[in-house]
Amino acid sequence: MVPAAVLVLERLPLTPNGKLDRRALPKPEFKALSYRGPRTPQEEILCGLFAETLKLPRVGLDDNFFELGGDSIVSIQLVSRARKQGWIITPRDIFQHQTAEALAGVAKAVEQTVVVRESGSGELPAIPIIRWLLERRGSWQSFNQSSAVEVPAGSTREQVERALEAVLEVHDALRLQMVKDAEGSWSLRIRTVEEVHGLNCLERIDLSGQSGPERARRMEQEKKAAEARLAPEGGVMLQAVWFELGAQEAGGYWW
């Protein structure tokens, strides 16, 4: 909440209605108080990116990103431009290391960055939305969200299955299973990747040669059938229907 700049004006510009004319307000000019140039190629890149992002002629190693007019939105632009130059930084890094010199100490080269993700598994209590559904009593087994995804023309079943397996590995909630104990209380169990490996959750429907209305009608039928196959108690949390439209035409699936 601290202003980045304070300007003293003899008078405030006003509109014909007597209100503040914001467009007529002069823009502050941000200038570095001193300059210490970069010493390494990495620091040179970051100083250049600071200047480019903040629209300044040059930025030194000691110049503070936020004192020169940077903010959270501009920091995201800096992250993107640094990535294109081969360096990975995060908005958090910029807030914690606000000069080019400090940021150079935590920036990582793209080829040196390895993302390691451990899949979550184990038991946990039912989350609030699930408890709310159970309290409503009625049918909740097929409550779902769906999305249409385009499949490139010429894709094979093996390729689509590998894509779905990758989704299952990354999204722990899709490996979820609802468990009911002897007292009637519900809890959740997230299965391991190994437990769901090879899970058959893909149906392939050939729609090649069918007209537009016929395709739409069949798609809606298969979508409802896929919803009916969902079974949280059995751990069936994902169903995909691949609509094959022909070798020359991109298809799609609901999931």
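Biologist: Why is Arg-218 called partly exposed?

Modeller: Happy to explain! Its relative accessible area is 28%, and partly exposed is the class between buried (under 20%) and exposed (over 50%), using a 1.4 Å probe and protein chains only. So Arg-218 counts as partly exposed. Keep in mind that this is a predicted model, where local features need pLDDT of at least 70, side-chain atom pairs count only at pLDDT 80 or more, and totals for chains, interfaces and linings use all residues. Residues are numbered from 1 along each chain as its sequence is written, and side-chain values use heavy atoms, with hydrogens and water left out.

Biologist: What makes Arg-218 and Glu-222 a salt bridge?

Modeller: Their closest N and O atoms are 3.0 Å apart. The definition asks for a side-chain nitrogen of Lys or Arg within 4 Å of a carboxyl oxygen of Asp or Glu, so the pair qualifies. Both residues sit in helix α8, 4 residues apart, about one turn of the helix.

Biologist: Is Glu-222 buried or exposed, and why?

Modeller: Buried, because its relative accessible area is 15%.

Biologist: What makes Arg-39 and Glu-101 a pair that ties together separate parts?

Modeller: Their side chains meet in a salt bridge at 2.9 Å, N to O. Arg-39 lies in the segment before α1 (41-54) and Glu-101 in helix α4 (residues 100-104), so the bridge links parts 62 residues apart in sequence. Helices here are DSSP runs (H or I, at least four residues), numbered from the N terminus.

Biologist: Why is Arg-39 called exposed?

Modeller: Its relative accessible area is 54%, so Arg-39 is exposed.

Note on methods:
Helices (H or I, at least four residues) and strands (E, at least two) are DSSP runs, numbered from the N terminus.
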